[in-house]
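Trainee: Please take a close look at the pairing of charged side chains here. Then set that part within the whole.

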Amino acid sequence: MKFSLIFGLTTTFFELFLGFLLAYFFYLKFRGMRFLFTLLITPMFMAPSLFGLMNRILFNNFIGLIPGYIKFFFGIDLDFFSPKNIIWTLVGIDALQWTPFVFLIIYAALLGIPIQLIEASSIDGAGTFHKIRYIILPYIIPALATGGFLRFLESFRVFDTIYVLTGGGPGDLTTSISIFIYRTGFTMGDQGLASAAGIILFLLMMIPVLLTIKLAKRRW
């Protein structure tokens with residue numbers, strides 16, 4: 001439960017932050033954005049288990065390309081799957097695959113902002129910070145809430161990516177609630193405890209659902 005909560009909140013925060021930065025960058029338009037757009041959203045279309053397996057090889061301390069390049073260029077022997085680094089490695093891999101999903105939601109919201117408002121604020125001398133603070137953010141808060149809600153739900157009950165990457169280890173350091181339910185029900189054979197944990201998971205999932213419904217009904 002503790003890992004699921006930390007993982008869910010951390011990945012949601014980083015994916016919203018990075019998704020907004022990317023969406024604003026693309027909103028400003030630049031040459032070659034179509035190619036970069038396609039490249040950016042590609043990880044999102046891969047199966048999570050396949051994406052996890054691919055990164056398990058890429059980040060492997062002995063045969064992985066990324067630790068190899070880090071050691072070659074910087075002389076640092078970095079073990080991404082050590083107990084000290086494993087949570088940040090999982091957060092980074094999840095962000096790499098699912099930030100594009102948040103990016104698409106926020107980018108669509110940005111395109112819905114009346115261009116006259118942006119132009120008028122530029123004529124009045126508003127800087128980038130003030131445009132974002134007083135014009136853009138109020139328009140895209142429902143999109144941020146929707147993206148954050150969907151990503152928190154997925155991250156909190158994550159199973160396949162983490163199961164492929166760590167199996168819930170080392171020890172139970174990365175055991176999400178979904179992996180706990182699977183182990184309890186299908187490995188240990190305790191169907192009663194697994195069912196109880198599943199019901200608790202369902203009830204916990206209702207909290208962000210109710211919060212998001214309340215937020216969506218509010219006028220901004």
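Mentor: The answer goes from the overall frame to the charged pairs, and then to a few other places.

A word on the basis first. This is a predicted model, in which local features need pLDDT of at least 70, side-chain atom pairs count only at pLDDT 80 or more, and totals for chains, interfaces and linings use all residues. Residues are numbered from 1 along each chain as its sequence is written, and side-chain values use heavy atoms, with hydrogens and water left out.

Now the frame. The protein has 10 helices and zero strands. Read from the N terminus, its elements run α-α-α-α-α-α-α-α-α-α. Helices here are DSSP runs of H or I with at least four residues, strands are E runs of at least two, and both are numbered from the N terminus. Along the principal axes, the C-alpha atoms fill a box of roughly 65 × 50 × 25 Å. Of the 220 residues, 39% count as buried. Buried means under 20% relative accessible area, exposed means over 50%, and partly exposed lies in between (1.4 Å probe, protein chains only). Take the contacts with a separation of 6 or more: 67% of them join residues 24 or more positions apart. A contact means heavy atoms within 4.5 Å.

Next, the charges. The protein carries 16 positive and 10 negative side chains. Lys and Arg count as positive, Asp and Glu as negative; His and the chain ends are not counted. The centres of the two sets lie 8 Å apart, each charge being placed at NZ of Lys, CZ of Arg, CG of Asp or CD of Glu. Side chains of opposite charge can pair when their charged atoms come close. This structure holds three salt bridges, each defined as a side-chain nitrogen of Lys or Arg within 4 Å of a carboxyl oxygen of Asp or Glu.

Start with Glu15 and Arg151. Their side chains meet in a salt bridge at 2.7 Å, N to O. Glu15 sits in helix H1 and Arg151 in helix H7 (residues 128-156), so this pair ties together parts that are 136 residues apart in sequence. Glu15 is buried, at 0% relative accessibility. Arg151 is buried too, with a relative accessible area of 4%.

Arg151 has another partner. Asp94 meets Arg151 in a salt bridge at 3.1 Å, N to O. Asp94 belongs to helix H5 (residues 86-111) and Arg151 to helix H7, so this pair ties together parts that are 57 residues apart in sequence. Asp94 counts as buried, at 6% relative accessibility.

What surrounds Glu15? Set aside the neighbours within four places in sequence, and Glu15 is in contact with Asp94, Ala95, Trp98, Thr99, Val102 and Arg151.

The remaining pair is Glu154 with Arg157. Their closest N and O atoms are 2.6 Å apart. Glu154 is partly exposed, with a relative accessible area of 37%. Arg157 is also partly exposed, at 39%. As for the network, salt bridges that share partners join Glu15, Asp94 and Arg151 into one.

Helix H1 also has a part in the surface. Phe13, Phe14, Phe17, Leu18, Leu21 and Trp88 form a nonpolar patch there, with about 610 Å² of accessible area together. Patches take residues with over 30% relative accessible area and no salt bridge; like charges are joined within 9 Å, nonpolar side chains (Val, Leu, Ile, Met, Phe, Trp, Tyr) within 5 Å. Helix H1 (residues 2-27) gives the largest share of the patch, five residues. Phe14 lies in helix H1 and is partly exposed at 31% relative accessible area. For the whole protein, about 13,100 Å² is exposed, and carbon and sulfur atoms supply 71% of it. These areas come from the Shrake-Rupley method with a 1.4 Å probe; for residues, only the protein chains shown count as cover.

Two more places are worth a look. Lys29 lies in the loop between H1 and helix H2 (33-41). Its phi is near 65 degrees, a positive value in a residue other than glycine. Val209 is in helix H10 (residues 191-217) and counts as partly exposed at 23% relative accessibility. Val209 and Leu165 are 44 residues apart along the chain, and their C-alpha atoms are separated by 29 Å.
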